[in-house]
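Trainee: I would like a close look at a single part of this model, the nonpolar core and what surrounds it. Please take me through it in one connected account.

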Amino acid sequence: MTPAEQLDEGYVKVAEVEIDAVQPARSGFVLTGRGQDRADYRLEMELDMPIDRQTRAVLGELLAQSEWRVLRRAPQPFTPQRSKAARKSNR
């Protein structure tokens, strides 16, 4: 990441995602979209309270019109952990 992507208080932009679709899930929503890096993203959102059908529909419409910025601040750089299956297939 370039210094321009370094944000206030040590946050670094990980992705900017324009939401293309919103699907209701058991206790929330699944949002999918494409990032500025042309990668596909899936965001899973869980709600800690039940919502009625009308509220779910309105919230789904609002989320479908949204863009998300994912920021990160941590004491060490992000290094994704490979699954055991992925490690085995590379042997």
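Mentor: From the N terminus on, the elements of the protein chain run β-β-β-α-β-α, which gives two helices and four strands; helices (H or I, at least four residues) and strands (E, at least two) are DSSP runs, numbered from the N terminus. This is a predicted model, in which local features need pLDDT of at least 70 and side-chain atom pairs count only at pLDDT 80 or more, while totals for chains, interfaces and linings use all residues. Residues are numbered from 1 along each chain as its sequence is written, and side-chain values use heavy atoms, with hydrogens and water left out.

Buried residues make up 16% of the 91 residues in the protein chain, where buried means under 20% relative accessible area, exposed over 50% and partly exposed in between, with a 1.4 Å probe and protein chains only. The protein chain exposes about 7,900 Å², of which carbon and sulfur atoms supply 50%; accessible areas come from the Shrake-Rupley method with a 1.4 Å probe, and for residues only the protein chains shown count as cover. Of the contacts (heavy atoms within 4.5 Å) with a separation of 6 or more, 42% are between residues 24 or more positions apart.

The largest nonpolar core has eight residues in all, namely Ala15, Val17, Ile19, Val22, Phe29, Leu31, Leu43 and Leu63; such a core is a set of buried Ala, Val, Leu, Ile, Met, Phe, Trp, Tyr and Cys residues joined through side-chain atoms within 4.5 Å. Strand E1 (12-25) and strand E2 (28-35) each supply at least two residues of this core, and the largest share, four residues, comes from E1. In soluble globular proteins, nonpolar side chains tend to be buried together.

Within this core, Ile19 belongs to strand E1 and is buried, with a relative accessible area of 5%. Leaving aside neighbours within four places in sequence, Ile19 is in contact with Leu31, Thr32, Gly33, Leu43, Leu63, Ala64, Ser66 and Trp68. The C-alpha atoms of Ile19 and Gln65 are separated by 6.8 Å, although these residues are 46 residues apart along the chain. Val22, another member of the core, touches Phe29, Val30, Leu31, Gly60, Leu63 and Ala64, again not counting residues up to four places away in sequence.

Ser66, one of the residues in contact with Ile19, lies in the loop between helix H1 (53-64) and strand E4 (67-72). Ser66 counts as buried because its relative accessible area is 17%, and, not counting residues up to four places away in sequence, Ser66 touches Val17, Glu18 and Ile19. The side chain of Ser66 reaches the backbone oxygen of Leu63 at 2.5 Å and makes a polar contact with the side chain of Trp68 at 2.9 Å; a polar contact is a pair of N or O atoms within 3.5 Å, where within protein one must be able to donate a hydrogen and the other to accept it, and residues adjacent in sequence count only if both atoms are side-chain atoms.

Phe29, also listed in the core, is a partner of Leu59, a residue of helix H1 that counts as partly exposed at 24% relative accessibility. Apart from neighbours within four places in sequence, Leu59 is in contact with Phe29, Met45, Leu47 and Ile51, and its C-alpha atom is separated by 10.0 Å from that of Gly28, 31 residues apart along the chain. The charged end of Arg56 sits over the ring of Phe29, 5.4 Å from its centre, the criterion being NZ of Lys or CZ of Arg within 6 Å of the ring centre and within 35 degrees of the ring normal.

Ala15 leads in turn to Val70, which is placed in strand E4 and is partly exposed, with a relative accessible area of 31%. With neighbours within four places in sequence left aside, Val70 is in contact with Val12, Lys13, Val14 and Ala15. Val70 and Tyr11 are 59 residues apart in sequence and 9.7 Å apart in space, C-alpha to C-alpha.
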